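Biologist: Could you give me a close look at the loops and turns here, and then connect them to what lies around them? I'm a first-year student, so plain words please.

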Amino acid sequence: MLRFHKYLLVFACLFFFSCQNEIDEQNYNDQTVTNASPLTSYLQRVAMVKTVQDNIIDGSSYCTIKLPYTVTVNNETIAINTTADYQKVIDNINAYTTDEDIVRISFPVSMVYYNYIEKLIPNQSDFDTLIDYWNLYPDLLSKINGLNIQYPISINIYNSYNQQASSVTITSDQAFFDFIKNLNASQYISLRYPVSIKDYNNQTKSITNNLEFENAIKYAIDNCSENNIVSLDFAETITKGPWKIAYFFKDSDKTSSYTGYEFAFKNDKTVVATKDGISTTGQWDYNVVNGAKAFKIYFNYSFLMLHKLDYSWVLFEFNNSVIRFRDESNGNYLYFEKIN
C-alpha cells in the first residue's frame, strides 16, 4: 500500500470511536491522511467547481458563469440554461468563417469561482477586470476534471489534540471541498472504502484504498482533455529555473531540511544546488519508460543531504510554477516550486 505518512496515533480510534489516555506512538495506518498529505490536496481539487466547460464564453479556467444566463453571438441570442447549451455557442461560432464570432454576455451575471465563492458581476467592465485578475495566475493548480465522486461518502476523523474521534458523511463536492479546507494539522482522516467514482468516459469504478484513488486521479490528469488545456514541454520547463523544494517526503516529511536550497536544471543534464553561496553539481535525466514519465536526479554521496534526493521518480504533474514527482511503490514525493 502507498504510505502517505507514518502518523503517530492509534488508528483504531477512527473506527471504533473510543478515546484513550495515551497515544501509542508506534502505530499508524497507511490509509490515514492529514491536511498536508498529497492525496488530500488532490481530492480537494477533484471537488472544486467545474469551470472549463464555458471557457468559450468567459475565457477562464478558474471561474464559471452561473446558470441560467444569455449570450449573443453573431446577432443570435442564445439562452444558456444547461451545460448542453454551450454547444450552441460553439456551433454558431463554427458556422461561418467570415463573421466576428464575438460572444457578448447579457449582464448582470453571477460568477462562481473554483472554490465555490460567488460574486455578482453587473457589467462588462467588471467582468473584464475579473478575468484580467485570474489571468495573473496562469499556473494556479485548478480543478482535476474527468473524475466524479459518487456521494455520499463517509470519513472517519481523529483529533490528536483532544484525542476525540468522530465521523462525517459528505454528500456533495462543495461539502467535500469545504471539509478539506477546514481541516487542521491535528486532524487525521480516513475515507471509508469502497468509494465509487465515474471517470471521464462515464464508467463507474470502485476505489478500495488511497493508492487506487491517487492512481485514478493521476489517470484523469493524464487522459482527460479538460486537464490539458495548455501543452508544455517538460525539459523546457524544468530548465527555466531556479526551483526550490516545496515538499519532500521519504519515509517522513523532510522538507524543512532543504530550506534555502535553490536548484538550477541545465540543458546539459547537470543540476546545480546552491545554498548560502555554496554550489554543488549533480545530474538529472528524464525519459518515458513504458508510458511512465521517469525522472532521475543524482548527487555524489559525499553531499549526503542532496544525495537523499537520488531516486527514480515518476512525474505526476507540472506547469510553469510547480513540478510534482512521486514514487507510488514506497509512498514518497518530491515537489519543486519555481522561485520568482
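**Loops, turns and their surroundings**

Modeller: Let's start with Pro-152, which sits in the loop between strand S7 (147-149) and strand S8 (153-159). Keep in mind as we go that this is a predicted model. The bond leading into that proline is one to look at: Tyr-151 and Pro-152 are linked by a cis peptide bond, with omega about 5°. There is another cis bond further along, from Tyr-193 to Pro-194, where omega is near 5°. Pro-194 belongs to the loop between strand S10 (187-191) and strand S11 (195-199).

Now follow the chain on from S11. The loop between S11 and strand S12 (204-207) holds Asn-202. Asn-202 isn't a glycine, yet its phi is positive, about 65°. Is Asn-202 buried or exposed? Its relative accessibility is 53%, and the cut-off for exposed is over 50%, so Asn-202 counts as exposed.

Asp-101 also has a positive phi, about 60°, without being a glycine. You'll find Asp-101 in the loop between H4 and strand S4 (103-105). With a relative accessible area of 25%, Asp-101 is partly exposed.

Go to the other end of H4 and you reach Asp-85, in the loop between strand S3 (76-80) and helix H4 (86-95). Here the picture changes: the relative accessible area of Asp-85 is 8%, and anything under 20% is called buried, so Asp-85 is buried. Which residues does Asp-85 touch, if we skip neighbours within four places in sequence? They are Ala-79 and Ile-80.

Ile-80 is a handy stepping stone, as it is also touched by Ile-57. Leaving out residues up to four places away in sequence, the contacts of Ile-57 also include Tyr-86, Val-89, Val-103 and Ile-105. Ile-57 is among the residues with the most contacts inside the largest nonpolar core, along with Val-71, Phe-176, Phe-213 and Ile-217. That core has 60 residues, and helix H7 (residues 210-223) gives the largest share of them, 5 residues. A second core of 23 residues is separate, and includes Ile-245, Trp-284, Ile-297 and Leu-309. As a rule, nonpolar side chains in soluble globular proteins tend to be buried together.

Phe-176 from the largest core leads us to a pair of helices. Helix H2 (residues 38-46) and helix H6 (residues 173-181) have axes that come within 8 Å and cross at roughly 145°. Their crossing is left-handed. On the H2 side, Thr-40, Leu-43, Gln-44 and Val-46 take part, and they meet Asp-173, Phe-176, Phe-177, Ile-180 and Lys-181 of H6. Sort the residues of this contact and you get 5 nonpolar, 2 polar and 2 charged.

Back to turns, this time in hairpins. Strand S15 (residues 270-275) pairs with strand S16 (residues 278-289) in the antiparallel sense, over 6 bridges. Thr-270 faces Gln-283 across that pairing. The hairpin of S15 and S16 has 2 residues between the strands, and Asp-276 in the turn has a positive phi of about 55°. S16 then joins strand S17 (residues 292-298) through 7 bridges, again running antiparallel. Val-289 has Ala-292 in S17 as its bridge partner. This hairpin also has 2 residues between its strands, and Asn-290 takes a positive phi near 50°.

The last stop is strand S19 (residues 322-327), with a partner on both counts. A hairpin of 3 residues connects strand S18 to S19, and 4 bridges join S18 (residues 311-318) to S19 in an antiparallel arrangement. Phe-318 stands opposite Ile-323 there. S19 is antiparallel with strand S20 (residues 332-338) too, over 6 bridges, and Arg-324 is opposite Tyr-335. Between S19 and S20 the hairpin has 4 residues, and Gly-331 in its turn has a positive phi of about 75°.

How many residues of S19 are buried? It's 6 of 6. Val-322, Arg-324 and Arg-326 point one way, while Ile-323, Phe-325 and Asp-327 point the other way, and all are buried.

Terms used
Residues are numbered from 1 along each chain as its sequence is written. This is a predicted model: local features need pLDDT of at least 70, side-chain atom pairs count only at pLDDT 80 or more; totals for chains, interfaces and linings use all residues. Side-chain values use heavy atoms; hydrogens and water are left out. Axes are lines fitted to C-alpha atoms, for helices over the stretch in contact, and angles run from 0 to 180 degrees between N-to-C directions. A crossing is left-handed if the near helix is turned anticlockwise from the far one by less than a right angle, and right-handed if clockwise. Contact means heavy atoms within 4.5 Å. Ala, Val, Leu, Ile, Met, Phe, Trp, Tyr, Cys and Pro count as nonpolar, Asp, Glu, Lys and Arg as charged, and the others, Gly among them, as polar. Buried means under 20% relative accessible area, exposed over 50%, partly exposed in between (1.4 Å probe, protein chains only). Two strands pair if DSSP finds at least two bridges between them. A nonpolar core is a set of buried Ala, Val, Leu, Ile, Met, Phe, Trp, Tyr and Cys residues joined through side-chain atoms within 4.5 Å.
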